[in-house]
Structures are given as C-alpha cells and as structure tokens.
Amino acid sequence: MDGSTNSLDDVSAESSTGCPDRLSLMEVRLQTQEDEITLLKSSLADALRKLRLHDQQIPLLKQQLIAVNPAAARVLNHSCYVDGISKPCRLSTSSLDGCHLTSNSHISNTAENGEGGDKTISNHKASTSDMCTQTEPWIPNHNAVTLALTRTSQSLSLEDALLEGVPFADETPTKLRGEEENGDEEQTWSALVEDAIQPTTIRTLQQQLSKSSEDSQGSCPQTPTSCSPAPPKEPTSIPHGGPLSSIREDEKTLVRRNSERSKDPQDKTKLRLSKKAASSTNLLTRSPSLESRAKDLISSTGSQGSRRGTQSQSIKMFIRGRPITMYIPSDILNYEEMKIDLPSQKLDLDWVYGYRGRDCRANLYLLPSGEAVYFIACVVVLYHISNQTQRHYRKHTDCVRCLAIHPDKVRVASGQTAGVDKDGKPLQPFVHIWDSNTLVTLQQIGLGTFERGVGSVAFSNSDAGTFLCVIDDSNEHMLSVWDWNKNIKHAEVKSTNEAVLAVEFSPTDIINIISCGKSHVYFWTMSATMSGTMNGFTLTKKQGIFGKYKKPKFIMCFVFSLTGDVLTGDSEGNILTWGKSAADIKTLGKGAKETLQIMKQTRAHEGSVFTMCLLQGGALLSGGGKDRKIIRWSADLAPERECEIPEKFGAVRTIADVDGEELLVGTTRNAILRGTFSDGFVAIVQGHVDETWGLATHPSQNIFITCGNDRQVCVWNAEDHKLDWCTPLEESGLCADFCPNGALVAVGLSTGRWVVLDLQTKEVVSDLTDGNEQLSVMRYTPDGSFLAVGSHDNFIYIYNVTDGGRRYMRFGKCTGHSSFITHLDWSKDGKYIMSNSGDYEILYWDVASGCKLLRNRFESKDREWASYTCVLGFHVMGVWLEGSDGTDINALCRSHNKSMVAVADDFCKVHLFQYPCPKLKAPSYKYEGHGSHVTNVRFTHNDTHLLSLGGKDTCILQWRVKRAGTGDNKEHLASSSTVRSFSSSPENGT
C-alpha cells in the first residue's frame, strides 16, 4: 500500500514539474515567433519604401540611357494602342537597327588574352517556384542588342509577396516592363539601391550582359531562390545569364528579374495564388530571430567578396530590429579608417539651480563658513550667501534624501536613495560622512545594510558626535546606531511599518533617541547588554501616549527645549509639550520608570506644523503648511512675532537660523528664502517643482528658458545664476525655442496649443493650436522666417513668420511620419528639414517646394544643418549605447562651433562626444549629477556653457566648457557603441 502511494506521488510530482517546463518551452517558442513577426513586418515595410524609391530612379535611368545613346529617345517615347490599352510597341528589325548602340556601347566581353568581340546573347528558359518566372528568348541573330529601351512603367503587384491577412501598404511601387515579339513574356529591370545611377553603371551593365551571353552558351540556367524582403544572407555563386543576375559598381546593384504573363485569366489567377503561397513560405523560412539576423548582417560586413564594393556608400544600424540607413557624406573619403577621438573639451559643474523642498525635511543648514548647505538630485550644494558662489559635493550615485550636521559644524552626513542601474537592477543605498571644508569623503557606512534608501540621519551631541543614527526606507524602517568613524554598527531594530519623518539624539545623553512619523512618536533607549549581541547594545522603545488629547495623523517634527522637554508639531496644527512625569506605581507597580507625557497643547497654525527651530536663549520658530506663516514663540510658547510667506513660494518646509534675526527658509515649491520678520523675505534659490522638458538658449545672450509640467515658464540668467522672471501657463510646457532676433520665445504645450511670449513685457503676442496632442519640438529657421512645430499627431506644422516674430500664418504641413515627432532641425539655408519620429525614422522635407517629402534620402547626405538636435543621423550615430532600445537617448545638441555634441540619456548621465561621431564605440566623457532621466541639453550661444535638465529631480545643471586637461578631473571616460552597426552595400537589405 505504501509502495503504491509512493508511486502515485512520484507520478504526480513528475506531472507537476513537467507542466511548468512545457509552459516555459511554449513561452519561448511564442516569443521567438513574435520576434520573427516583428522582423517580417519591418522587412516588408522597408521593402515597400525601397521599391517606392526605385520608381524615382526609372526616369534617371532613361536619362542616362539617352545620354549614352541619343537615338534611344525616339524608342523610349514610342508606344502604340492595342484594343484601347497602351502597350509597348513591338519593334521591327528596322527599328532595332535604328536603336543599335555605338561601338562604345555594344554589349561585349573581352577575353583574358586581350582579344574580344561581340557575342550573341543566347536564349534562356528557367522555371521558378517564386516571383521569378521563365525568361523570354532574346531576338536572335543580332550581335548588338539594345537594353530594353521600349519598356514602360507599370504597377508592381506586391500582394504576391505578402502573407494572407497582411494589409497592403498605400504606397504602390512600380517596375519596368517590356514586351518582345510574342507579347506573352517580359523582362524587368529594377534597382535594389537608393543611390543615384551613374553612367558607369550603364557601361558595366553592357559588359556584364555580354559576359553573361558568353558564359551561358551550352549551359543550363539555375532556378533562382525566392525573392524575400528579409535581408539576404551571403549570396552563393549564381551563373551569369540566369533568372537573377546582378551587376555591381560602387555598391550599386541592378537585378534583372524575369517573369511570365499568363494568357488565360484563370491560369493567371492560379499562378498568382501559387506564387503567393511560395513567397509566404520563403518569407517564413528565411526570417531568423532578431539575434541571428543581426549576427548574419554583422558577419557579412567582414567579407570582401562580391557583397561589398570598392567603398561603402551607407551605414546601417539596427534599433529593436529595425534597420536605419545612414548615407556617408561625400567629404568622408575612407569611412573604414576614420578614427573618433575624445572631444578636446571637457565639462565642469558650474552651477546648480533648484532645491528639493517638495518632499524632504530638515535639509537646510548654515555652516560657520557662511555657506548654506542643501541638496537637490545627486548633488549637495554649499552656497555662500554673501559671495554668491557654489561648491558641490558629488560623491552620491543617486538622489540625496537627508542631511545632518556634526556638532563641530564642519562634518556632514548625507544619505541617498537606492535607485536602479540601466538594466533596472536596484542599487544599494548608503550614507556618506564628509568634510565640508575639503569636500573629502571621510566614511561610507551602510552599504549592503540599508534597503530602498536612507530616510533620516542624526549625529549624537553629548559625546562630540561619535554615533550616527540612521533610519532606512524599508518596510520595517530599520533603526540602526553606528560608530561612524570605525564603521561599526552597534544596534539595529525594527522601527515601524508606518512612515518615519524625523529622528534625533537627546542633546544631554547618547542613550535617548526620539523618532516620529505617521501616527506615532517613539522614545528609544539604548542600553548595554550582557549577551554581547550587536556589539553590546540593544534598543527598546516606548510609544508616546496621547491620553485625553486627540491623536494626530502625523507627528511632523520635534525639538528639545532647554528645560529637557520635547516639543512636537503635528498635522492638526498643534505644538505638544512632552515632559517627564513620575512613574505611576499604583498602575504599573514597583520598578516602573518615569515616562514622557503630554503636559501642554498649544494651537500654533492652521494646517500642519511642518518645521520647528530652537533659537539661542530658548525661543522657538515654527513654520506652517497651509497658512504659510513663520511664528516666533517665547520659551513658554507665547507668540511674539509672525510673518507670511508669499503664496508663489509655497508652504514653509524648513527653517535655518542665521544670527537670531536673519533666517533662511526652505519652501515646498523648491525655493530658499532669506530675510527677517521686519524686512520680509526674498528668494535666493529657486527651481521648478515638477518634471521639466523644455529648454532653449538665447541666440546672442547668456540667457536660457525652461518649462515643464509645473506649468511655469522660467527665464534664467546664466551669468548671474538667477531667475530673471517666471510666468504661469494654462497647460504643461514641453518644448521651446527663441526667435533668432532674441526678442521672443515660442513655447509648445501639452494640448497642441503653443504661445509666443515677449521677453520684455512677458506678454503673449501669439496663441495658436495645432491638433489636440502634445507638442514635442519648436524650431525657427536661422533667419526667423519660418517656424516648425513638431507634434505627437505625427505632423510637422510649418508657419510663415512676419512682423519680427509676432505674426504667424500657416504655410503647410509635413505629412509622412508614421509615429510622433521627437526632434527636427532646419538646414542652413532654411529650405529643408530633417526630422526623427518615435519609430526611429529619419525623414527629409523640402519646405520651400511645399513641404514635400524627399523620397531619396541619399540626396541629403551632404546638406548642412543650422542645428543638430536629431538623435538619429549619420553624424551622431556613435552616441548610441550598445544594447539601446531607441528610447535611451532623450536629447542631444551639437555645439555652435561643430566640435562636440552633448547627449542626455535615460540613466541620469550627460555625455560629451566629439563631433561628428559616426563610428562604432565612439569614446566620450560621462558626467553624473542628475538623479533622474536627463530630458534635454543645450549649449549657450558662445559654447562657454552647457545646460542640462533633469526630469523628476527638477534640477537644472549648468556646466562650464573647458579645454581638456585643465581643472579637476571629475568626469568618467565612457565608451558607447551603436546598437547594431555595420557597413553595407545597398543590396544588404533596407
């Protein structure tokens, strides 16, 4: 019985373990099929785009043929009507005689011994299982044969190449067709490249056909492989004269495809269906996974056979399986040997705009050096109030969350959040103790101990700051006590599952610690233990009892009075006085210790009491949330003086005493105010309060503008490091650009609306709307005559600008992108636009000719651009990191002197590259400081500074541009590479 039970258990176990394996295998297969479908869609889309571009090459081919043989013009234009349908005329012998090529144009082949002559092209018949069908016999007994000069342009039916159920694109590619004497068979010439057809291609064609004629005599042609949109692997040797023969010169390829026209309509339909089935099968069988496809493409670039010409004409990079073709400019003669060096300039952090007051507390202190210390993003700022200079502590790897000042007023402790790396893996938080005079890190504690982040830190006072208390952001909010100088943890205990807002040591001893937060105030006692655990210390806590007083939702802050009492401020607007009381022996029995109980309740503010600051002499300052008031209290909590903070700065977040009279006030809208009760307060530090995206620099002054989701437009002075003015918006501002005259600025909003502001009067001079989706880019032409507005509705709206930038009239709309517009730039002459979209597409537009899409991107390879902010392009291809998914770079900007390009990435970094940087693994300098994705970068008008915007950290960093090798070396050398980049000939796919 036991044996049968065991066997049943074994079978059940095997079934339970086998099921997940099968599910896992099915998931892997499903993911592989999805990758193949994605690749197939991309290949088909690019094939359609390629064929559309081929249509534009047909007139050029005719022109080249006419240039070689002027007599061909008469034949090209010669057609007749048969049964009311236009068809190519059948050439008579006399007409062919008139079309014979000259001696230089004869299709001939020269033998290896130097002798050669005209060869008659033999007839070929080849069966196919695909789009290619049998070849029509050539006209016999002619030593010199024309190049199908009577073919006309007709539609190419691409449905044959599509799977069942796959929608057919709107574009209708065309191909060249020509009929010979029997009218049942045709020969087709089509180009597989986007490059312009040169006259040398015609001569090569003639030589190749002649050689094809000679080689094919007495041999049987091979059956060609199916024509698939997927990029072909390294081609095998195909005999000349077969159904698929190619002629190459300088990476330009002409392929002759032979097809057959069915006489009976029913036969034609059956043949078409069979072709579709064969083509579909080939498409599926020839579409490997994205990884294997990329390997095939990369490995193919190393071969020097027939696949590559004498010099590459284009470079391809792949982002998420989508190929992007970059054409090499004419001034780059040898791309393969081109070397990319580090830029000759470096960046040094010059100024930090902003302060983190919206969600942090107790983060503003005044040092004896006259510097105010506070933080934003990953930077702790030391701002000298009198000299108006900044120093920066930059050893943190993610956003700083808390600060504490040592009793000696020199050393500082700062804790950071955990954050994640570029792969999404969490990083470990820690606390740094550093010297504020030298900015040297003295100790790092807690690495690998704290979870999620460090919420609060505090030095002990009675023992000259030997211990440091830390509370992390884990679920249990672990409280730990460290001998920070020795990096020894003396005690650790679970605090609470609720939020903790503050922690402090008692100023009179080291064994008493207080913490407060949501629905609690805890009184901790640290004592030695006989067991020796945790280096001889344990922590015990007592919860504050509110008794007859209403228990508030939050205990926001607390201070120790000179009498030893504890004063707490809560979310009800009250200040509670906690005093020591004798032990209740009747209730608790013998051995009961004295406890802290509420002795007094004082009504202080309307709304929460956000902060309290104890002054010398025992006076108290309190800051309110809802009422925005600062109140000075006497030692016995009698109100003495009060003032109200202006509404635009928000509520009072923290208060720092300067000299008993002058105060520093941090606010919830990320501002730091300086002032007194009698004179009022003025802002000395200001910043945005929500995610920022829009950034533009003045064309002739050191002024820049920012806008973001806080619905504020801010104009900053980069020389004085201050906010000149700020005005509210009705919606979020996402993009901006200065008019070239410097008097106006255009701001794009999140609803499709955009406004033009006068910098002097701050008034709106123009208010227009394009679509109902957010705008992503605004860009003026160099002369200010046009404005381009890029929208998330996939369109670029063009406006004619008059009256010095005050009047705007719709000129046209660029239609052609299949995803939202991300970046665009004008050409130097203001006639053309280069644009990027969300699906990694690069398009070029002829605005002067009516916003026409330039189908042949090859023609734009040598065009000069007034600015370069497009993240996709040949000149900036090397900025993409290896393994990027296409969204890792948010913005870039070329310097005005065209020597460097700055990049804002999604991993809190700013990169500096040499310009141009079109090669794999372009070296760069990498700079840290932002605590969130970097949304934008811009150089000032004279390239002396670079501005970078943080997203969620709301921070603006101003970097000084200096020559490499000067100043402190705070940057890190980084190497980036394209996602998938290789040099290819045009036949390697689209």
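In what order do the 4 strands of the open sheet follow one another, and is the pairing parallel or antiparallel?

## The open sheet

In this predicted model, the sheet runs in the order β13-β14-β15-β16, and its pairing is antiparallel. At its edges lie β13, covering 365–366, and β16, covering 389–393, each of which pairs on one side only.

The contact of β16 with the sheet is made through strand β15, residues 379–384, and these antiparallel strands are joined by 5 bridges. Within this pair, valine 380 has tyrosine 393 of β16 as its bridge partner. As a general matter, the strands of a sheet pair through backbone hydrogen bonds, in either a parallel or an antiparallel sense.

## The hairpin of β35 and β36

Further along the chain, strand β35 (residues 629–633) pairs with strand β36 (residues 639–644) in the antiparallel sense, over 5 bridges. Tryptophan 633 is placed opposite proline 639, which belongs to β36.

Between the two strands of this hairpin there are 5 residues, and leucine 637 adopts a positive phi near 65°.

## The protein as a whole

These elements belong to a protein for which 7 helices and 65 strands are assigned. The protein has 990 residues, and 54% of them count as buried, while its accessible surface amounts to about 43400 Å², with 49% of that area belonging to carbon and sulfur atoms.

When contacts in the protein are restricted to residues at least 6 apart in sequence, 54% of these contacts join residues that are at least 24 apart.

How values were computed:
Residues numbered from 1 in each chain as written. Predicted model: local features only at pLDDT ≥ 70, side-chain atom pairs only at ≥ 80, totals over all residues. Heavy atoms only, no water. Pairing = 2+ DSSP bridges. Buried < 20%, exposed > 50% of the residue type's maximum accessible area, 1.4 Å probe, protein only. Contact = heavy atoms within 4.5 Å. Areas by Shrake-Rupley, 256 points an atom, 1.4 Å probe, with all protein chains shown as cover.
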